[in-house]
Amino acid sequence: MAQGIDTASEDANFKVASNPANAKNQPPPESPESIKTRGLVILSFWAVVVLLGLPVWLWTTSIYRASLPLQDMLDWADGKACKPTFPLQITIEAPLLQEPEAAHLVRMTQHALDDLNEFSAHHLRLRLAKSFLPRDPQNASMAVIQDGYAAGSHTQYGRTDVLDEEALTVRILPKTGAQAASAELRSHSTRLDVFYASNQTPSVSSSSSNLATFIATKLQELFAEEQAIIANILQSAQTKSQAPQMSSSASSATRELRSRSHRSVNPELVAKLDSRMARSLKYAPTYHITVSLFTPSAAPSSWEIESALAEYFTPLLDSISGVSNFTVDTQVQLYATFSPSVHSPEYDTEQQIWTLREEDLSGFINAAEWPLSPSIGAGPTLNFVLYVPNPSTSPLVVKGSQASGWLIPQWGGVVILNPQDANATSNEATLSKESIRPALLTFSHQLLSFLGAPQTPPSLPLQLQTLTRIRAASLLLSASSTMGSLANLTVALPSIAIPETVSSAVDTTMMHLRTTCDALKEGRFRDALKNARIAEVQAEKGFFEKSMVGQVYFPDEHKVAVYLPLLGPVGVPLVMSALKELRRLWASRKAGQQG
């Protein structure tokens, strides 16, 4: 058997040697110098790639991530950094009472308020104003009031004499012949007049007083809607902060705030507030208002709108300029027909009026033909339409309610101007300032409704004060939530770029959030709103940074798809040559060990 194998091998060697072509195709053996040169070439290529190419690539493609206070941002979003409080300072003026009696009355009223209030974040703090007058009812209106001492108890809100803004003044006066206490709120001031019978004057030794209970109940009623709105805002914010993507677990502070919000808010009132907030506009630093005159005929073709706005509308805009900025423009549209989807007005023979069906109010605006662009100006647009119907279909009202104006949620309002003398007005080419006045007053109420102002108390200054506090609270929580969203986005996307502009915006936001929180605790609500507006703008600026938004839509998978066609043709020869050289070195090393 061995002899057969040797014979076969000799035959094979004979065939190879006898074929001169096969001998010529064999490459010459490599010299040691060639092998060394090839190894140095491969090593030099890899040295250039590792020592020069890779650092340059990392440096040119690295993503800059500025440092952010992530934990502080999450604390603000979770409500741990700030517990908003709203201490309202109320000054009590009792010019015809002795100082000990007045102080005792204020103390009992404060205790009654504390018992009635179930929402500790919003609290009324009373203080007594000293009066130096003779006990003469006829001279009570000439009282010279000087700031006195705080009669309210010292609570977590601090002393009431450090509160910077006065929410309400209560003036307590006797009324001849009165059988019970009564109150009168002035519609254009922040003063509440309380009248009491002569037998209701509390003595210093009494432990209870019907007058104190009456005043406390009245004050609680005046600010009940504000308390409900703020409690609803805080509760909604805490509900959002408990989402899994926003926070890991609820803190004791958020649970406490949510529980006290549940105790103090009436479910029916919450439903009304939710419905009202659904039709109000989202906050914006600037709103654009378009006041339009539409008529289906050729008259009226002009109106004294400039003077009317200056007298009846601009004062309101000036008073709420601390909440948002407003720009106003006007326009006139003749031959403005109804939308095709709206049924023609129906004539009521009994009342002799023309009516529009309620289901047609939402489609009253002819968006196809009426020039009402929702994108005019820098911010959201509010459209207020004054419609003058044709004399043949006047007066025109809403069927059932007989209203001449209505709101269109998130859009604006409509007022139908029905002149008393239709024949006389139809010949007038210009609407006078006096005829426009009712419509502008209606537009003013509609504007406050869109901004989220409360309906009570029936005093415009108090409503504007409430709007200030509501906006300060909502902006504080909105900016805090944005900070939490930005922190979670930063953690979830480690490859996203964070430029210095974002870091600067976050620092500015955090600074103004702290200032807002401190201002709310001290009762400086206008300062709180001012800082909250800045915090909201900076928070939105940081979250919607253009460079960050671009990185969100360019993940790592896209980078691999871009680099692979470029690096594949270069990387494959380098890797294969390196592997071949390593295998040769391993084989030669193994052969040397065996030899």
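## Getting your bearings

Helices and strands here are DSSP runs, numbered from the N terminus; a helix (H or I) has at least four residues and a strand (E) at least two. With that naming in hand, the loop between β12 (381-387) and β13 (396-398) is where you'll find P395, a residue we'll come back to. One thing to keep in mind from the start: this is a predicted model.

Counting up the elements, you get 18 helices and 16 strands in the chain. The chain has 595 residues, and 42% of them are buried. Look at the contacts with a separation of 6 or more, and 77% of them turn out to be between residues 24 or more positions apart. As for the outside, the chain's accessible surface is about 31,600 Å², and carbon and sulfur atoms account for 57% of that area.

## Two helix pairs

Let's start with helix α14 (residues 460-492) and helix α16 (residues 525-543), whose axes come within 8 Å and cross at roughly 25°. Because angles under 35 degrees count as roughly parallel, α14 is roughly parallel to α16. The crossing of this pair is left-handed. What kinds of residues make up the contact of α14 with α16? There are 14 nonpolar ones, along with five polar and six charged.

Now try helix α5 (residues 99-116) and helix α6 (residues 210-222). Their axes also come within 8 Å, and they cross at roughly 50°, so α5 and α6 are oblique to each other. Here the crossing is right-handed. From α5, the residues making the contact are L105, M108, T109, A112, L113 and L116; from α6, they are L211, A212, I215, A216, T217, L219 and Q220. Sorted by type, the contact of α5 with α6 has 10 nonpolar residues, three polar and no charged.

## Unusual spots in the backbone

Most residues other than glycine have a negative phi, and most peptide bonds are trans. That gives us a few places to stop and look.

Back to P395, then: the peptide bond joining S394 to P395 is cis, with an omega of about 5°. A second cis bond runs from T456 to P457, and its omega is near 0°. Where does P457 sit? Look in the loop between α13 (433-451) and α14, the helix we just saw crossing α16.

Two glutamines are worth a stop for their phi values. Q402 has a positive phi, near 55°, and belongs to the loop between β13 and β14 (405-408). Is Q402 buried, exposed or partly exposed? With a relative accessible area of 40%, Q402 is partly exposed, because that term covers values between 20% and 50%. Further along, Q410 has a positive phi near 65° and is placed in the loop between β14 and β15 (412-416). Q410 is partly exposed too, at a relative accessible area of 42%.

## Three buried residues and their neighbours

First up is T169, in strand β4 (residues 166-174). Its relative accessibility is 9%, so T169 counts as buried. Setting aside residues up to four places away in sequence, T169 touches T91, E93, T190, R191 and L192.

Next comes A308, which lies in helix α10 (residues 305-312). A308 counts as buried because its relative accessibility is 0%. Which residues does A308 touch, not counting those up to four places away in sequence? They are F313, K433, I436 and L440. S435 is 127 residues from A308 along the chain, and the C-alpha atoms of the two are separated by 9.4 Å.

Last is L574, part of helix α18 (residues 556-594). At 15% relative accessibility, L574 is under the 20% cut-off, so L574 is counted as buried. How many residues apart along the chain are L574 and F45? The answer is 529, yet their C-alpha atoms are separated by 7.8 Å. F45 is also one of the contacts of L574 outside the neighbours within four places in sequence, and W46 and V49 are the others.

Definitions and conventions: Residues are numbered from 1 along each chain as its sequence is written. This is a predicted model: local features need pLDDT of at least 70, side-chain atom pairs count only at pLDDT 80 or more; totals for chains, interfaces and linings use all residues. Side-chain values use heavy atoms; hydrogens and water are left out. Buried means under 20% relative accessible area, exposed over 50%, partly exposed in between (1.4 Å probe, protein chains only). Contact means heavy atoms within 4.5 Å. Accessible areas come from the Shrake-Rupley method with a 1.4 Å probe; for residues, only the protein chains shown count as cover. Axes are lines fitted to C-alpha atoms, for helices over the stretch in contact, and angles run from 0 to 180 degrees between N-to-C directions. Angles under 35 degrees count as roughly parallel, over 145 as roughly antiparallel, 65 to 115 as roughly perpendicular and the rest as oblique. A crossing is left-handed if the near helix is turned anticlockwise from the far one by less than a right angle, and right-handed if clockwise. Ala, Val, Leu, Ile, Met, Phe, Trp, Tyr, Cys and Pro count as nonpolar, Asp, Glu, Lys and Arg as charged, and the others, Gly among them, as polar.
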